[in-house]
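Work through these short exercises with the structure open. Try each task before reading its solution.

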Amino acid sequence: MMLALEMYRSPAKFLAAKAMGSRIPSLLTGPAAPLRLVTINEPKADKDGWARIRPILSGICGSDLGMVTGHTKLYFSALVSLPFVPGHEIVGELLDDCEDLPKGTRVVMDSVLTCAARGVEPCDGCASGHTNLCDRITVGHVAPGLQTGFCSDTGGGWGNVMVAHRSQLYAVPDGLSDERAVLTEPLAGAVHTALRAKIEPGQSVLVSGAGAVGLFATLALRELTQAGRITVVAKHARQRELARAFGASDVVAPDEVFRGVRRATGAFRLKPEMNAKEFLLGGVDVAVDAVGSKESIDTVLRVTKAGGRVVLAGMPSTGADLSPVWFRELELTGTYASSRGEPNDRPAFETALEIAAKAPLDGIVGARYPLYRWREALDHAQSAGRLGTVKVAFDVRAS
């Protein structure tokens, strides 16, 4: 038996969150949260290539918060199996030998449950190395789940024990702290974003959002591309400080975006009638949305030059006006998780582990909570930017 936080199906709580969450935010991580601390059976590692892991730290991701608070689109309901234990950003210790990795090895995990993990013939995505695009995430000998942490069979990082397949695991180098290692999964996502952005030398880039997704994207863009000016949109003082440390050329507040991009690129600023949102003729070459909100997506679409590229790195939550995509012939690119076959011919996790070892990441995990303080942890994560925190994590060993 083990202690775990378990996500379960509750239509009543989902409807309550939708109806009252915006007016009473405390409901979202309180009475309306479909999450419970329970004692349940450990998941089984009874197939070839699978092993048990004892999580050490497990991060709280924006997608986790969206799931708990009811903001995640119902599109994803067909890609999970309830009840499940969340937690896909982990550093943990192997409790069993796993092929070439001996028991006791510290590991991080690519959470996508691909064909290899499911014991089925490789789909086109997996065969080409684009494992994040796996088409078999609902079949095989594992319950449906786009990732570990959304699957009823695997457990997740918000529990004392979970299971993973060898294809998902990367050994943590000696000397890399747990606090840095637990950032590998979101850093791998940032690596994927930076490479998917296809930035040419000297091109201008806007990153909208300075939470973990935006800050890590900024870091990866500066590390892995020859981008010219990188402008980051940040709300809070600590975010502005970190954006500059991670490679931003300029940092602007949300209400300064149009003015800042116009000044930096020489674009023309236009204001439609009837209080419709302004836009630019001209603008940045590439824009990265790292928030997923209607406001952020609307903004990046309206400050990107004709023929430019907009990369959606945040999970979209609500609709945006796509007029600029049509009128300015923008290229819209999604970026989900990370891949074993990135454009630099390396798994994103290998690159992410290298970045984790050398980047200025001390203090990025700003708070750690035992599982039994889960409401406090989620409240903190919900207000992380305002509180000067980038990443909140569960200290599973202390639970």
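**Exercise 1. Give the strand order of the open six-stranded sheet and find its edges.**

Step 1. The order is S10-S9-S8-S13-S14-S15, with parallel pairing. Strands are DSSP runs (E, at least two residues), helices likewise (H or I, at least four), numbered from the N terminus. Two strands pair if DSSP finds at least two bridges between them.

Step 2. S10 (250-252) and S15 each have a single partner strand, so one side of each lacks a neighbour in the sheet.

Step 3. Check one pair: four bridges join S8 to S9. Ser 208 has Val 233 in S9 as its bridge partner.

The model is predicted: local features need pLDDT of at least 70, side-chain atom pairs count only at pLDDT 80 or more, and totals for chains, interfaces and linings use all residues. Residues are numbered from 1 along each chain as its sequence is written, and side-chain values use heavy atoms, without hydrogens and water.

**Exercise 2. Place Ser 338 and decide: buried or exposed?**

Step 1. Ser 338 sits in the loop between S15 (331-334) and H12.

Step 2. Its relative accessible area is 3%, so Ser 338 is buried (under 20%; exposed is over 50%, partly exposed in between; 1.4 Å probe, protein chains only).

Step 3. Leaving out residues up to four places away in sequence, Ser 338 touches partners including Asp 110, Asn 132 and His 192 (contact: heavy atoms within 4.5 Å).

**Exercise 3. List what Val 205 touches.**

Leaving out residues up to four places away in sequence, the partners are Ile 199, Leu 221, Ala 227, Arg 229, Ile 230, Thr 231, Val 284, Val 286 and Val 288.
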